[in-house]
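Here are my notes on the model you sent round. Please read them beside the coordinates.

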Protein chains: 2
Amino acid sequence: MSDNPTLLDIDPSKLTIVRAEPHVLKTIPPPETWVFGQSGSTDHMLIIEHDPEMGWSAPVIKPYSPLTLDPASSVFHYATAVFEGMKAFRGPDDKPTLFRPEMNMDRFAMSAERIALPPFNKDALLALIKQLVLVDERWIPSRTGYSMYVRPVYIGTRPTVGVQASTHGMIFVIMSPTGPYFPTGFKPISLMARHDFVRAWPGGTGEYKLALNYAPTFKPQQEAASQGYQQILWLLGDERRVTEVGQMNFFVVLKRSDGEIDLITPALDGTILPGVTRDCILSLAGTHVPDASSPSSLSTSTRPIPRLHPQERQFTISDIVSWLEQGVLLEAFGTGTASIICPVSKIGWEGKDLILPEYEEGVGPVSKALWERIVEIQEGRRESEWSVKCE
Amino acid sequence: MSDNPTLLDIDPSKLTIVRAEPHVLKTIPPPETWVFGQSGSTDHMLIIEHDPEMGWSAPVIKPYSPLTLDPASSVFHYATAVFEGMKAFRGPDDKPTLFRPEMNMDRFAMSAERIALPPFNKDALLALIKQLVLVDERWIPSRTGYSMYVRPVYIGTRPTVGVQASTHGMIFVIMSPTGPYFPTGFKPISLMARHDFVRAWPGGTGEYKLALNYAPTFKPQQEAASQGYQQILWLLGDERRVTEVGQMNFFVVLKRSDGEIDLITPALDGTILPGVTRDCILSLAGTHVPDASSPSSLSTSTRPIPRLHPQERQFTISDIVSWLEQGVLLEAFGTGTASIICPVSKIGWEGKDLILPEYEEGVGPVSKALWERIVEIQEGRRESEWSVKCE
């Protein structure tokens with residue numbers, strides 16, 4: 001994968017596993033206390049380092065421990081950092097699985113290339129991540145809604161402050177236990193639409209999973225919270241195009257005059273992250289047939305789902321206003337690895353709240369049916385090539 | 001400076017200095033080998049850490065050494081990182097000085113606030129940086145064009161991967177020897193104008209010195225280099241506004257019909273870094289009187305400088321094309337801490353090269369006069385409140 005054939009690529013056959021001594025293994029906290037990203041780390045981590053002379057080092061899985069880095073390392077000065085987020089589940093055969101991990105690996109490599117980090121072999125990295133999952137598989141509960149979150153990170157470690165691409169790099173993978181985003185049932189979230197803070201821009205980096213897309217969102221997020229909104233609906237340009245919500249892709253569910261349903265999400269125009277869950281939603285919606293006897297039919301216990309017409313195209317906050325006035329906007333939701341689907345209750349815009357339809361369960365039937373199907377596949381209760389065994 | 005009065009702020013009176021043992025002090029490389037950002041570090045560094053429970057720790061100056069950080073630290077995942085760049089010189093009285101350091105401290109604090117890092121006391125930090133410069137003052141040569149580059153960095157160290165502001169932080173300051181940007185006389189650089197890659201945009205972070213503004217520039221910079229251009233001229237929007245050049249602010253020098261000179265740089269509209277050198281240029285140009293007997297008169301050995309009219313306003317690449325056609329564009333240059341002034345020879349745009357006037361010395365008279373005045377002040381050969389003693 002390297003441009004220079006004399007450099008070593010990542011080689012899983014050279015993996016060394018240094019297991020934590022049994023007496024220092026952590027006590028797994030009770031799953032009901034797990035909060036996404038806040039429940040500490042598992043016992044082990046994976047590290048692979050790149051040097052411009054040698055290429056990629058022999059991979060090491062070792063006890064979770066601090067990183068030791070030169071203060072001049074590129075990542076501290078120029079934000080050469082890429083990450084991914086994926087989840088490991090326990091299948092019905094008790095074996096650990098990952099959900100569509102090759103999509104994460106593709107995006108990880110594309111993101112690294114965008115900030116000129118040295119290239120790496122995606123298949124080799126995935127093979128190593130599977131090994132890491134197996135080493136810490138005791139952390140994956142067989143309990144619906146619970147999983148082990150896997151966080152690959154790639155940082156630039158060139159140890160000089162000259163402003164240029166990092167010829168040195170380090171990939172590390174850490175993991176943490178994670179529970180359901182909505183432990184006590186769906187709770188739709190409130191959004192504050194903002195056009196003055198802009199998440200991503202044509203010619204920028206919105207379509208890559210770069211660390212640098214996140215730091216600028218914290219301040220507007222804090223401002224939204226101080227005004228009682230939970231996330232930001234990011235608008236772009238004079239036309240106030242809708243792009244993403246918080247750190248999620250965004251979908252709207254519209255009733256058509258023929259009784260069928262349009263499921264619309266912003267097109268991948270360079271400002272939108274190509275989310276794995278986003279892709280799942282589009283794919284499941286496209287193959288859904290409104291006939292409960294079909295294996296690809298989506299449904300909820302309460303009502304059948306009409307035919308869905310998934311569309312990737314631009315729309316604006318004015319479109320949302322107009323759809324609400326016409327009474328055709330049935331549901332809106334964010335999608336991401338943490339929540340899968342996160343329903344929206346209202347959108348603050350120009351000093352008013354746009355109120356979305358309310359549902360008894362906190363989630364509309366289309367959102368719910370899509371959510372259920374993805375969870376079934378993730379947890380191995382439905383066969384799918386999206387679920388990949390770690391072995 | 002903290003929002004929470006119970007938290008400790010940075011306190012220079014608590015500074016501990018742990019000096020490197022004499023036998024491990026580095027040998028200072030010969031100044032003629034010094035390359036900006038590539039000549040290693042001095043002997044010591046400053047570290048101060050912030051914890052949401054306690055506030056800022058007692059500051060420590062200690063031998064330059066690696067940082068030890070939790071792999072879940074915010075900076076690796078969400079690019080919570082700010083930096084500054086400033087230079088220490090040796091004055092005629094042999095005492096170390098810093099050049100307009102309060103401007104760097106103001107920007108450092110504003111940048112930190114933009115990405116929701118905990119606040120800090122700017123005066124206290126500057127007092128500590130002065131102490132660090134004094135500890136390593138043997139690295140500052142008394143040789144024109146040479147200095148010690150000072151790099152303050154502020155990173156988020158919150159050790160959990162939940163996507164939110166970093167409540168934990170670390171400020172560290174490292175230093176490195178640096179020589180003249182043009183060791184053998186001015187060499188004007190070639191630019192490639194790009195509008196497809198965008199450095200900064202309205203509602204983004206271009207006006208802050210954030211690590212995250214830099215990583216996205218490496219790939220387009222490599223592409224420009226592969227086509228024979230040294231830096232990128234960053235354009236913005238459908239109108240192709242000129243914003244910055246490489247990592248520098250950008251100026252054009254225009255001949256007016258009355259024989260005087262317009263000195264134009266893009267206005268600080270949110271997409272432009274408020275550079276210290278940029279500010280110096282505007283200030284020196286504004287006070288220049290074309291009378292060699294005035295103390296604020298700028299001049300070169302070869303010719304007098306007409307009256308200068310500094311202007312901060314938007315202009316486009318089409319304006320540059322038109323100014324060249326009219327024969328009024330005399331000089332163009334970038335400004336920054338590394339080069340001070342970096343003259344431009346040509347700009348690649350739409351498959352053609354826009355050729356700027358050539359000068360025997362590699363630099364035009366206005367650029368040269370401004371450069372000379374700044375260097376005189378930096379090196380203490382001319383009295384100015386811009387030069388601040390470390391004591």
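The points below run from conventions to symmetry, fold and surface.

1. This is a predicted model: local features need pLDDT of at least 70, side-chain atom pairs count only at pLDDT 80 or more, and totals for chains, interfaces and linings use all residues. Residues are numbered from 1 along each chain as written, chains are lettered from A and ligands numbered from 1 in written order, and side-chain values use heavy atoms, without hydrogens or water.

2. A turn of 180° with a shift of 0.0 Å along the axis lays chain B on chain A at an RMSD of 0.0 Å. That is the relation of a two-fold axis. Both copies use the same surface: 98% of the contact residues of chain B recur in chain A (contact: heavy atoms within 4.5 Å). The superposition is by least squares on C-alpha atoms of residues with pLDDT of at least 70 in both copies.

3. Chain A has seven helices and 20 strands. These are DSSP runs: H or I of at least four residues for helices, E of at least two for strands.

4. The C-alpha atoms of chain A fill a box of roughly 65 × 50 × 40 Å along the principal axes.

5. Of the 391 residues of chain A, 57% count as buried (under 20% relative accessible area, 1.4 Å probe, protein chains only). Among chain A contacts between residues at least 6 apart in sequence, 72% join residues at least 24 apart.

6. Chain A exposes about 15200 Å², with 51% supplied by carbon and sulfur atoms (Shrake-Rupley method, 1.4 Å probe).

Terms used. Buried means under 20% relative accessible area, exposed over 50%, partly exposed in between (1.4 Å probe, protein chains only).
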